Amino acid sequence: MARVGEELKKNRLDANMTLKQVAKKLGVSESFVNEVEQGRKVVNEDLLKRFSKVFDKNISTMGLGSLEEAAQTESVARTKEVIKKEVYVSPKTPVNELWNQAFGENIKNVPVFDETMKSPISHKGYVVEGKKIEGFPMDKVLLVKSGSEDLKGYGIRKDDLLFGVEAKDIQGTSFMLVSVQGKNLLRRVKNLNNGSVELLSYREKEEVRKVPIKDVLPLVKFHKLERAL
């Protein structure tokens, strides 16, 4: 029990008063007085003066020499304890590393290539859901940065990023990165289902190039366009 509470309880008992009687004179609840005596409530100078009037004693003669000082000491101790609990302690592990640990399994850096596909020129983070990114196997997706205005008429400009998946064949009509005679091209590709494909580009006007499908190596099929900033 706190020292102030002990002395207040002692003075109450010496005065032959109940908790209820003291509470009524102070204008507080009986439970409040009990908590003060138990040391669960901190008393201030004003409250001590009210107690002294109830017990008809001077504060200095209530058994502590200086109850004001004792109360202040308890208040300061409580405050320090609260501050101690609320002080922020920086983690030993850097915050960015903690984020990586927290989301590492849910975020994947997808490689960004230019049209040569020699090596990644950068990476971009994507959310992984069920080992898939945008609905495709996460180990099959990549981004290609457009290096020209060859597809401007289709809304694809230089430096735009195209999100795609490794391609093994050409089906229907889609935007693809293909290799023709050793040169990689971003084109709108249409399978004519007769052994030939159309390679379409659109700068100022749409241009069509028809080539045997055996001469076209599919590299990437695109599913999403991301505008350059």
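A residue is counted as exposed when its relative accessible area is over 50%, as buried when that area is under 20%, and as partly exposed in between. On this scale Gln181, with a relative accessible area of 72%, is exposed. The structure described here is a predicted model, and all values below were computed from it.

The protein chain contains six helices and 11 strands. Of its 229 residues, 35% are buried. The accessible surface of the chain amounts to about 14600 Å², and carbon and sulfur atoms account for 48% of this area. Among contacts in the chain with a separation of 6 or more, 52% are made by residues 24 or more positions apart.

Two of the helices were examined for the placement of their buried residues. In helix H2 (residues 19-26), Leu19, Val22, Ala23 and Leu26 are buried. These residues line one face of the helix, because they fall within an arc of 100 degrees when H2 is seen down its axis. The face turned away from this buried side carries Lys20, Lys24 and Lys25, which are exposed. Gly27, just after H2, takes a positive phi of about 80 degrees.

Helix H4 (residues 45-55) was treated in the same way. Its buried residues are Leu47, Leu48, Phe51, Ser52, Val54 and Phe55. Seen down the axis of H4, they fall within an arc of 160 degrees, so they too line one face of the helix. The residue that follows H4 is Asp56, with a positive phi near 55 degrees.

In soluble globular proteins, nonpolar side chains tend to be buried together. The largest nonpolar core of the model has 14 residues, and those with the most contacts inside it are Leu8, Val22, Leu26, Val33, Phe51 and Phe55. Helices H1 (3-14), H2, H3 (30-37) and H4 are the elements that give two or more residues to this core. H4 supplies the largest share, with five residues. Another core, of 11 residues, lies apart from the largest one and includes Ala167, Val180, Leu185 and Val197.

The surroundings of Val33 show how residues of the largest core meet. When neighbours within four places in sequence are left aside, Val33 is in contact with Leu19, Val22, Ala23, Leu26 and Val28. Of these partners, Leu19, Val22, Ala23 and Leu26 are the buried residues of H2 noted above.

Arg12 is located in helix H1. Its relative accessibility is 8%, under the 20% limit, and Arg12 therefore counts as buried. A polar atom of the Arg12 side chain lies 2.8 Å from the backbone oxygen of Met17. Beyond its neighbours within four places in sequence, Arg12 is in contact with Met17, Thr18, Leu19, Val22, Glu37 and Phe55. Two of these partners, Val22 and Phe55, are listed among the residues with the most contacts inside the largest nonpolar core.

Strand E1 (residues 107-113) pairs with two other strands. With strand E2 (residues 122-127) the pairing is antiparallel and extends over six bridges; Asn109 has Gly125 of E2 as its bridge partner. With strand E5 (residues 141-145) the pairing is parallel and consists of two bridges; here Val112 is matched with Leu143.

Ser122 lies in strand E2 and is partly exposed, with a relative accessible area of 32%. The C-alpha atom of Ser122 is separated by 5.1 Å from that of Val112, although the two residues are 10 residues apart along the chain. Apart from neighbours within four places in sequence, the contacts of Ser122 are with Val110, Pro111 and Val112.

Most residues other than glycine have a negative phi. Two loop residues depart from this pattern. Asp159, which is not a glycine, has a positive phi near 80 degrees. This residue is found in the loop between E5 and strand E6 (161-166). At 35% relative accessibility, Asp159 counts as partly exposed. Gln181, also not a glycine, has a positive phi of about 55 degrees. Its position is in the loop between strand E7 (173-180) and strand E8 (183-191), where Gln181 is exposed, as stated at the outset.

Notes:
Residues are numbered from 1 along each chain as its sequence is written. This is a predicted model: local features need pLDDT of at least 70, side-chain atom pairs count only at pLDDT 80 or more; totals for chains, interfaces and linings use all residues. Side-chain values use heavy atoms; hydrogens and water are left out. Two strands pair if DSSP finds at least two bridges between them. Helices (H or I, at least four residues) and strands (E, at least two) are DSSP runs, numbered from the N terminus. Buried means under 20% relative accessible area, exposed over 50%, partly exposed in between (1.4 Å probe, protein chains only). The arc is that of the directions from the helix axis to the C-beta atoms. A nonpolar core is a set of buried Ala, Val, Leu, Ile, Met, Phe, Trp, Tyr and Cys residues joined through side-chain atoms within 4.5 Å. Contact means heavy atoms within 4.5 Å. Accessible areas come from the Shrake-Rupley method with a 1.4 Å probe; for residues, only the protein chains shown count as cover. A polar contact is a pair of N or O atoms within 3.5 Å; within protein, one must be able to donate a hydrogen and the other to accept it, and residues adjacent in sequence count only if both atoms are side-chain atoms.
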